[in-house]
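Visitor: I would like a close look at a single part of this protein, with every term given its cut-offs.

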Amino acid sequence: MFTKRFTILAMAFAVTIVSHAGITVRNAAGWLETAWVEWALLPGASSYNVYVGEAGSASWTRLDTELVRNYGTYGRADALGLKAGTYQLKVVPVINGKEAEGEATVAEPLYVKAHDRTGYAHFGRDLSGLYEGVGAYRNDGTLKDDAIIVYVTAETAKTVTVTWPYTATSTKTYTGFYSIVEGYRKCIYAGGMKRPLVIRLIGTVKASDMDRTRFGQGLDIKGEKDYTEFPFTLEGVGNDAALYGLGVQFSQVTGAEMRNIGILLCKDDGIELNKHNSHIWLHNLDLFYGQVGSDADQVKGDGAIDIKYSSYCTVAYNHFFDNGKCCLIDPSKSYGSETPADFLTYHHNWFDHADSRLPRCRHGKAFHVYNNYYDGNGEYGVGLASNACAFVEANWFRNCRYPVINSGQGTDKNLVDAKLSTKGLLSGEDGGVCKFWNNHVEGAESFITQRDDHNANLYDAYAVASRDEKIPETVKALKAELVKTPTTYSNFDTDEGMIYPSEPDSPEDVPSLLMGEYGAGRCQKGDFQWHFDNASEDGNKDVIPELREALENYRSSLVGFFSGTATGIASVSDGKASPSASSPRYDASGRRVTSSSSGITVVDGKKYILK
């Protein structure tokens, strides 16, 4: 059962290409603003140079050395920051210190798509310059002018060093992954840093690899003051970039992005937008179990992506694997003068047997939830907990127990009346109003709209006859009389000043789209894949022991760079220990060697010094 459901993939959605020269290209494909190629290692080659160019052009750009990696039996390179279009990748072996052009191979043309930038994160942002769009990339997918690129691996997370302008007349040096992120904040605040930053994660970086971590999530991306402009992207390279044993917290930043990273066994939340953030874009992430928390409902970890006191954010194209409490929106009931968590978009996420909070909405007038795949969910999908307005459209609900739950009314009140819960699933809060349009619902245990048999306002969602239909003010949350401002629907989705243009996909297309090549999650769906058994796991809210074991035992197959910088080596032997005789052996450059070789030898992820 275990081996059928768990796979570590080195390739998916790829095109096998026959070589016409020395290099044999195994697989290559375009993805979202990236293209990648894998090739068989060539005997005699010490390293490889890889180039990218537009299809049909004679102009080539060499990729950074860190983008060309060694996986023991094959090499891989990823070209990042590409506009939508058709590209070619050329692999050139280096033999005896020189490029061997006669042994090079050019992969067939590869089609690259643009990321979908629909959502509140991009709503109202500048269209040019340093603060264009969100993150370190322009809206066309290319890096912004003068962007700084920092590569981080398990081996370099403590030692990677930068020197940046601190003020107009001084510089400061920062060493270590955490310290560099913190230093970027300090340099922005001091006025010296006026350049975008992208940190590219290669392979798995564990909490123990870091120069330091912070309590809570572990990595703190923080502005010096509220809503600090922060043109920053944290992204993974390839299909195997992951944070293991730690998560990420954003605080007081505007215009930051995180993409193409897996989060495994995080300390607390996978990602938390803690306070006073805006225009944050979280997309194409794989989110797995966290570490077991102290509360009874934290056996799968705490939150996957929680948003607090933050606005104008987009959570899109993410793959949630059996998370317990996925997406809390929580500015707290008594936020007073604080900015609530509002103007949030959740679209094209695959809630793959995740249990609840998909999302759970509190104190906001504009939550747009569309084109998500609710797939075998054990508790509920969209939760209207307290004084919230949500437009839920064009989603596909398959065996989601309660597609929409509205505190104190409809299904939630029926659970209380039947004494299945004393406060319902949403803790007896004030509820909200959900506009429900063009969704597909199948296999739900309970779902009630105003069209069904119900008492006054005792329904989960208000089903409309057209997308632009407004909900009348007479429609209120059941507990409206208990709060100072009765919760009516804001009709934000029909107000051009409150909503961005969007053209949702047909709900019938959502499952195949999100499970497909350009769908939810990391490039190629990530190197770690888990396939759920719907017959036994639809509705199951318990931890799947095999899945947790697989996560705990996960190891990247990355060996290192062809320049000799190793990233997948766990330890160094003193020469007295003996490596396994049956395992393949590689030299420091990643070339396969014989069992009689001496010197530095890598076997099963360990480095031996053999005489």
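Guide: What follows begins with one strand and its sheet and then moves outward to other parts of the chain.

The structure is a predicted model, in which local features need pLDDT of at least 70 and side-chain atom pairs count only at pLDDT 80 or more, while totals for chains, interfaces and linings use all residues. Residues are numbered from 1 along each chain as its sequence is written, and side-chain values use heavy atoms, with hydrogens and water left out.

The part chosen is strand β7, residues 74-80, which pairs with strand β6, residues 68-70, in the antiparallel sense over three bridges. Helices (H or I, at least four residues) and strands (E, at least two) are here DSSP runs, numbered from the N terminus, and two strands are said to pair if DSSP finds at least two bridges between them. Within the pairing of the two strands, N70 is found opposite G75 of β7. Three residues separate the strands of this hairpin, and G72 there adopts a positive phi near 90 degrees.

Strand β3, residues 34-40, is also joined to β7, by seven bridges in an antiparallel arrangement, and W36 faces D78 of β7 across that pairing. Taken as a whole, the sheet is open and has five strands in the order β2-β3-β7-β6-β40, with antiparallel pairing. Because β2 (25-30) and β40 (560-561) are at the edges and have a single partner strand each, one side of each has no neighbour in the sheet. In general, strands of a sheet pair through backbone hydrogen bonds, either parallel or antiparallel.

As to cover, seven of the seven residues of β7 are buried, where buried means under 20% relative accessible area, exposed over 50% and partly exposed in between, with a 1.4 Å probe and protein chains only. In a regular strand the side chains alternate between the two faces of the sheet. In β7 both faces are covered, with Y74, R76, D78 and L80 buried on one side and G75, A77 and A79 buried on the other.

Y74 also takes part in a ring pair. Rings of Phe, Tyr and Trp (its six-membered ring) pair if their centres lie within 6.5 Å, and planes under 30 degrees apart count as stacked, over 60 as edge-to-face and the rest as tilted. By this rule there are 27 aromatic pairs. Y71 and Y74 form a stacked one, at 5.2 Å centre to centre with 5 degrees between the planes, and both of these tyrosines are buried. Elsewhere, ring pairs connect F320, F351, Y374, F397, F436 and F447 in a cluster.

Rings also meet charges, where a charge sits over a ring if NZ of Lys or CZ of Arg is within 6 Å of the ring centre and within 35 degrees of the ring normal. R214 is placed over the face of F215, 4.1 Å from the ring centre, and K435 over the face of F391, at 4.8 Å from the ring centre.

A parallel pairing is found between strand β33, residues 380-393, and β35, which are joined by four bridges; Y380 has Y402 of β35 as its bridge partner. Five of the five residues of β35, residues 402-406, are buried, so the strand is largely enclosed by the rest of the structure.

Among the helices, α6 (residues 545-552) has L547, R548, A550 and L551 as its buried residues. Seen down the axis of α6, these fall within an arc of 160 degrees, so they line one face of the helix; the arc is that of the directions from the helix axis to the C-beta atoms. L514 belongs to helix α4, residues 510-515, and is buried at 0% relative accessibility. Although L514 and Y317 are 197 residues apart along the chain, their C-alpha atoms are separated by 7.5 Å. With contact meaning heavy atoms within 4.5 Å, and not counting residues up to four places away in sequence, L514 touches residues including Y317, H348, W350 and Y373.

For the whole protein, the secondary structure comes to six helices and 45 strands, and buried residues make up 60% of the 611 residues. Of the contacts with a separation of 6 or more, 68% are between residues 24 or more positions apart.
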